[in-house]
Amino acid sequence: RDYWLDELAAGRAEVLDAEVAGDLPQVAITRHVHEQPIIALDFKVIYEDARLLVVCKPGGVPTVNEVQGVGQNTALGLMQGRAGGEYKLVPLHMLDAPVSGVL
């Protein structure tokens, strides 16, 4: 309870008028998210053709954004920047940020 009172007092949360379930109020939470730093630009291209791009992702780089729509400093974002607007890249699988490996 004290945690939420502190969040409300700091302006990071607010109680909305609409009720969700019974007498429980709906709470909106504000979260400020910073762009992830660029950790590595050195992605070794293992294979590339018109339909497939295979790279070696260095450790420390997330595969995709942890928060949707925030930042492009990810393996997907950096490779999409490399490809330009020519085509849209979609990862076939993901590797955790600390893990290096083939994407």
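Which residue forms a salt bridge with Glu48, and how far apart are the closest N and O atoms? Keep that one in mind while we set up. This is a predicted model, where local features need pLDDT of at least 70, side-chain atom pairs count only at pLDDT 80 or more, and totals for chains, interfaces and linings use all residues. Residues are numbered from 1 along each chain as its sequence is written, and side-chain values use heavy atoms, with hydrogens and water left out.

**Exercise 1. Track down the partner of Glu48 and place the pair.**

Step 1: The partner is Arg82, with the closest N and O atoms 3.3 Å apart. A salt bridge here is a side-chain nitrogen of Lys or Arg within 4 Å of a carboxyl oxygen of Asp or Glu.

Step 2: Arg82 sits in helix 2 and Glu48 in strand 3, so the pair ties together parts 34 residues apart in sequence. Helices (H or I, at least four residues) and strands (E, at least two) are DSSP runs, numbered from the N terminus.

Step 3: Check exposure. Arg82, at 44% relative accessibility, is partly exposed, and so is Glu48, at 38%. Buried means under 20% relative accessible area and exposed over 50%, with partly exposed in between (1.4 Å probe, protein chains only).

**Exercise 2. Work out the sheet.**

Step 1: Three strands make an open, antiparallel sheet, ordered 3-4-5. Strands pair if DSSP finds at least two bridges between them.

Step 2: At the edges are strand 3 (44–48) and strand 5 (101–102), each pairing on one side only.

Step 3: Strand 4 (residues 53–57) is joined to strand 5 by two bridges. Cys56 has Val102 in strand 5 as its bridge partner.
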